[in-house]
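This briefing goes through a single protein model, moving from its overall make-up to its cores, one helix in detail, and its charged pairs. Please keep the sequence and the structure in view while reading.

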Amino acid sequence: MILALALLLAATPASSGPADTRSPQARFDSCLHLSDTNPAAAEKVAADWARTGGGVSAAQCLGIARSALGDWKGATDAFTTAASLADQIHAPGGPNLWVSAGDAALAGGDAAAARKALSTALDAPGLPDQMKGEAYLDRARADVAATDLAAARGDLDEALKLVPADPVAWLLSATLARRMDDLTRAANDIKEAATRAPKAPEVLFEAGNIAAASGDMAAARAQWSQAAAIDPDGDIARQAQAELAATGGAPAAKPSAGR
């Protein structure tokens with residue numbers, strides 16, 4: 001682990017200056033705030049702090065700063081270091097840090113690393129049900145990215161037990177069911193998502209996809225039109241408009257400025 005931490009921090013040059021005598025919590029809070037305003041500076045601060053014995057807090061802030069910079073590989077490495085150090089000293093935040101490592105890996109497109117980190121989090125004791133449910137959702141995303149749809153189905157089923165009020169869980173479950181040609185479940189799950197988030201463009205768009213897969217093109221175009229009208233400049237609207245154009249439906253009208 002000492003070698004891993006050294007390699008992790010080697011890419012960032014050490015800074016010079018007077019010793020920081022603040023408490024670890026005060027230094028972490030300051031580093032966290034700097035990550036919001038100047039993540040490049042926060043990365044340098046956190047790396048220097050880690051070299052001088054900052055431990056879990058320094059590595060965690062380094063991960064946060066690198067996430068803000070979009071350096072997902074670096075963020076994954078930093079969060080993994082933080083989580084490993086937390087496990088070594090039996091700190092209670094270890095599972096949460098493994099989730100952060102998994103999320104960073106997922107954002108960076110590394111499905112294998114995401115699955116490994118999220119599995120470590122889920123295997124650890126003490127992860128609250130809400131966060132455990134979200135970890136199952138994230139691992140399901142990684143499963144899909146790894147084309148392991150059967151594993152994704154299992155993870156989403158576990159997530160739905162823990163976070164049944166989360167519309168995203170139902171949306172992902174419906175989308176996966178459609179991809180697996182289980183259109184009955186897809187229709188049922190998208191209804192659950194719509195009950196919880198009736199005006200979410202993502203839910204409306206997927207409802208259209210499921211209707212189209214079921215052969216009901218009138219319903220599909222109606223759902224796509226609603227999705228496009230709610231957020232006319234968003235990515236979902238562009239996808240919905242493309243589906244409408246491809247299936248001969250009229251483009252969804254944009255709301256007027258006065259509405």
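**Surface and overall make-up**

The protein exposes about 13,000 Å², of which carbon and sulfur atoms supply 56%. The model is a predicted one, and what follows is computed from its atoms.

- Of the 259 residues in the protein, 39% are buried.
- The protein has 14 helices and zero strands, so the pattern read along the sequence consists of α elements.
- When contacts in the protein between residues at least 6 apart in sequence are considered, 48% of them join residues at least 24 apart.

**Nonpolar cores**

- The largest nonpolar core holds 41 residues, and within this core Leu 97 and Ile 190 are the residues that touch the most other members.
- Apart from its neighbours within four places in sequence, Leu 97 is in contact with Val 56, Gln 60, Phe 79, Ala 82, Ala 83 and Ala 86.
- A second core, separate from the largest one, has 11 residues, among them Phe 205, Ala 211, Ala 228 and Ala 240.

**Helix H13 and its cover**

- Helix H13, which runs over residues 217-230 and has 14 residues, reaches 20 Å from its first C-alpha to its last, close to the 20 Å expected at 1.5 Å a residue.
- Which residues of H13 are buried? In H13, Ala 220, Trp 224, Ala 227 and Ala 228 are buried.
- These buried residues lie on the same side of H13, because they cover an arc of only 95° around the axis.
- Helix H12 (201-213) and helix H14 (235-246) are included in what covers the buried residues of H13.

**Salt bridges within one helix**

- Side chains of opposite charge can pair when their charged atoms come close, and a search of the whole structure finds 13 salt bridges.
- Asp 77 and Lys 73 meet through their side chains in a salt bridge with an N to O distance of 2.8 Å; because they are four residues apart in helix H5 (residues 72-88), about one helical turn separates them.
- In this pair, Asp 77 counts as partly exposed at 29% relative accessibility, whereas Lys 73 is exposed, with a relative accessible area of 56%.
- Glu 158 and Lys 161 likewise meet in a salt bridge, at 3.2 Å from N to O, and both lie in helix H9 (residues 149-162), three residues apart, which is about one turn of the helix.
- Glu 158 is partly exposed, with a relative accessible area of 29%, while Lys 161 counts as exposed at 60% relative accessibility.

**A salt bridge between helices, and a network**

- Arg 115 forms a salt bridge with Asp 143, in which the closest N and O atoms are 2.8 Å apart.
- Because Arg 115 lies in helix H7 (residues 111-123) and Asp 143 in helix H8 (residues 129-145), the pair ties together parts that are 28 residues apart in sequence.
- Is Asp 143 buried or exposed? Asp 143 is buried, with a relative accessible area of 1%, whereas its partner Arg 115 is partly exposed, with a relative accessible area of 24%.
- Arg 153, Asp 157, Arg 185 and Asp 189 are joined into one network by salt bridges that share partners.
- Asp 189, which lies in helix H11 (residues 183-196), counts as buried because its relative accessibility is 6%, where buried means under 20%.
- Leaving aside its neighbours within four places in sequence, Asp 189 is in contact with Trp 170, Ser 173 and Ala 174.

Note on methods. Residues are numbered from 1 along each chain as its sequence is written. This is a predicted model: local features need pLDDT of at least 70, side-chain atom pairs count only at pLDDT 80 or more; totals for chains, interfaces and linings use all residues. Side-chain values use heavy atoms; hydrogens and water are left out. A nonpolar core is a set of buried Ala, Val, Leu, Ile, Met, Phe, Trp, Tyr and Cys residues joined through side-chain atoms within 4.5 Å. Buried means under 20% relative accessible area, exposed over 50%, partly exposed in between (1.4 Å probe, protein chains only). Contact means heavy atoms within 4.5 Å. Helices (H or I, at least four residues) and strands (E, at least two) are DSSP runs, numbered from the N terminus. Accessible areas come from the Shrake-Rupley method with a 1.4 Å probe; for residues, only the protein chains shown count as cover. The expected span of a helix is 1.5 Å times one less than its number of residues. The arc is that of the directions from the helix axis to the C-beta atoms. A salt bridge is a side-chain nitrogen of Lys or Arg within 4 Å of a carboxyl oxygen of Asp or Glu.
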